[in-house]
Amino acid sequence: MIAKKQRVMLATAGDEGLVDGLLAREAGQWLFEVKQDGYRVVAAGEDGQVRLWTRNGIDCTSAYPEVVRALNDQPYQDFEIDGEVVVRDASGQARFELLQQRGGIAAARAGVEEELAATYVAFDILSLDGVDLTPITLDRRRGLLGDAFEFGGALELSELLEGDAAELLAKECAAGGEGLIAKRTSSGYRAGRSRNWYKLKCLRRDDMVIAGYTEPKGSRVGFGALVLGMNEGRRLVYTGRVGTGFDDATLKSLAKRLAKLRTDVCPFASVPPGLGAVNWVTPELVCEVGFGEWSSSGKVRHPRYLGLRPDKEATEVRRERQLPEVKLSNLDKIYYPAIEGTKGEVVSYYDLVAPLMLAEIADRPLVLERFPNGVKAKGFYQKNTPDHVPDYISRVRVDSNSGDSISYSVVHDEAGLRYLANQAALVMHVLLSDAADPAHPIEIIWDLDPTGDDFARVQQAALLLKDRLDDLGLAPRVKSTGSKGLHIHIDISDQPGVVGYDMSRAFASRLAWELVEEAPNDFSLEFSKKERQGKLLIDVLRNGHASHAAAAYSLRAVPEAGAAAPISWEEALDPEFRPRQLTMRNMAERLSAGIDPWADRAAPTSTITGAAEKLLG
DNA sequence: GGGCCAA
DNA sequence: TTGGCCCAACGCCGG
DNA sequence: CCGGCG
């Protein structure tokens, strides 16, 4: 029977026999330990000098000073113990990636011990006070280990699990662990002809959408690897690739099916960086993939193809990521005094809009406008990402207009938004590019910004611009800025890497000029308020390299907590409409009514290059 | 909001 | 330990 | 020439 959507985890195929067979038959003769996701390290104390060695004999003593200290601080000075160095995340789960962030086995960076504290999980002892313990049985060695050392802090004693192998393994896998190590209690250290220990690995499996494939290399037939994705919110996100688990017949038949689905359009919301050449396909085939674990960048580790799932709909393949917990603080602090809006409300607001907002700003460089003391106090802009942000927020370097480059924050998920909200980043701006390709804009924005509260003139400009963009086949969208004006957007992502900022800004200026020529008393490109004489500013400078605009669904720093909200053209042109009428307070009602004006955005029927020609010609 | 640096 | 500083970039103004 | 403002 084909199982339902599985987040179920099983032992690997080989282990099932082991668990049901040997380990069940010899119940009671085996003990189990949690498989630690770290580096195997032998710690040797000699004349009060502790050294740490990897299994292949590399000295890594200086990499884990806190472990060395803990071992120096013991009643015995001469010993040799076996264990695993791990770094735990906030929830106590050992994670290999965190360990790697310490910089491998080189000497530890200063300060890393607080950030990414290492723990040595001891599970065996080889010698004590010069006495070789390897011949005696495992359970006696364990007893000695437990008695001879004082555990705590950076030194832990590996927990022994006793009982039914299948039950223990199921429990560990369900808890998100890596697996178990089974060891024969009567065995000496590395002794015996028969195997006296086994790894029991948890295997995750999930359905994934096939988004593309790579060309085969060498004698390989069909294709090299499948490029995989899963839906998150309304985006298809890259989840890694799988190149093993196929036989030749599968390779050939699948290659044939995929060839028919070939397309030039990358189906991912943003092209995964560093993927190399991929033949994209229309994302409609679903396959099941077995894998070891999720990496923190959301890709499968040790993936294995398990077969097609013709019974599954690609659009229903979702990833519900277990998001990292975001520490929140000061939730009762007032950020919007005029409406007594608290930080807690701000966080809830961003939770609420996250699915729609992420569709617009995930994987794009962000500029933050932060108000730790509320909107009435002075805030500050932040472009560079501080060193201390959690790893579920990433960075992208973009050359700035003035010399040096800037490391912008990039969020990928709800956790990122929550973190920023908790950081009082009330207003979030985006650059007009994807993080993967900062040199090329993916949209053009006309910012209609009235000098006073002259919204009628904003609407007049919006309508003129809309008509022109419609005529050019560019499918304009509109959003309320949440403050005074409107933003008119068009998508130009249909030719990735073709349109540069020079061209998009030139195009934006050109249209803006036409508006100014048409109504020179109403509109102006002039930045200075004085020169502008109360006319409406059509701000096209936002389309320059490294320029930014308030993101869809971002809150604004106005007293009533206005939100920059996608709106329909009907709303935008309604004489009653005001940009601040959509706020942190009423967005929930709007969204639960299913209002999502940009959901079914029309695809442009013309490219920007085509439109530019039409405009000039 | 939170790290850093100078008292 | 505490307290101030910093966290964009530009052009414009007035002092 | 500098600091605050938009």
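This short talk covers the surroundings of DNA strand C and then some of the salt bridges in the protein. Please keep in mind throughout that we are looking at a predicted model, and that the distances I quote are computed from it.

Let me begin with the DNA. Strand C is surrounded by Phe-380, Tyr-381, Lys-383, Asn-384, Ser-402, Ile-406 and His-548, and if we sort that surface by class, we find three nonpolar, three polar and one charged residues. Looking from the side of the DNA, of the strand C atoms that lie within 4 Å of the protein, 37% belong to sugar or phosphate, while the rest belong to bases. Two of the surrounding residues deserve a closer look, since we can name the kind of atom involved: a polar backbone atom of Lys-383 lies 3.1 Å from a phosphate oxygen of the strand, and a polar backbone atom of Asn-384 lies 3.2 Å from a phosphate oxygen of strand C.

Now to the salt bridges. Side chains of opposite charge can pair when their charged atoms come close. The count for this model comes to 32 salt bridges, and I will take three of them in turn.

In the pair formed by Asp-59 and Arg-51, the closest N and O atoms are 2.8 Å apart. Asp-59 is partly exposed, at a relative accessible area of 31%, and Arg-51 is likewise counted as partly exposed, at 32%.

The side chains of Glu-443 and Arg-477 also meet in a salt bridge, with an N to O distance of 3.8 Å. This pair links distant parts of the chain, as Glu-443 sits in strand E26 and Arg-477 in strand E27, 34 residues apart. Are these two partners buried or exposed? Glu-443 is buried, with a relative accessible area of 5%, and Arg-477 is buried as well, at 6%. Both residues also belong to a network of salt bridges, in which they are linked with Glu-360, Arg-364, Asp-491 and Arg-601.

The third pair brings us back to strand E26, for Asp-447 in that strand is joined to Arg-542. Their side chains meet in a salt bridge at 2.7 Å, N to O. Here too the pair links distant parts of the chain, with Arg-542 placed in the loop between strand E30 and strand E31, 95 residues apart from its partner. Asp-447 is buried, at 5% relative accessible area, whereas Arg-542 is partly exposed, at 23%.

Conventions
Residues numbered from 1 in each chain as written. Chains lettered and ligands numbered in written order. Predicted model: local features only at pLDDT ≥ 70, side-chain atom pairs only at ≥ 80, totals over all residues. Heavy atoms only, no water. Near = heavy atom within 4 Å. Polar contact = N/O pair within 3.5 Å; in protein donor to acceptor, adjacent residues only side chain to side chain. Nonpolar A, V, L, I, M, F, W, Y, C, P; charged D, E, K, R; others polar. Salt bridge = Lys/Arg side-chain N within 4 Å of Asp/Glu carboxyl O. Buried < 20%, exposed > 50% of the residue type's maximum accessible area, 1.4 Å probe, protein only. Helix = DSSP H or I, 4+ residues; strand = E, 2+ residues; numbered from the N terminus.
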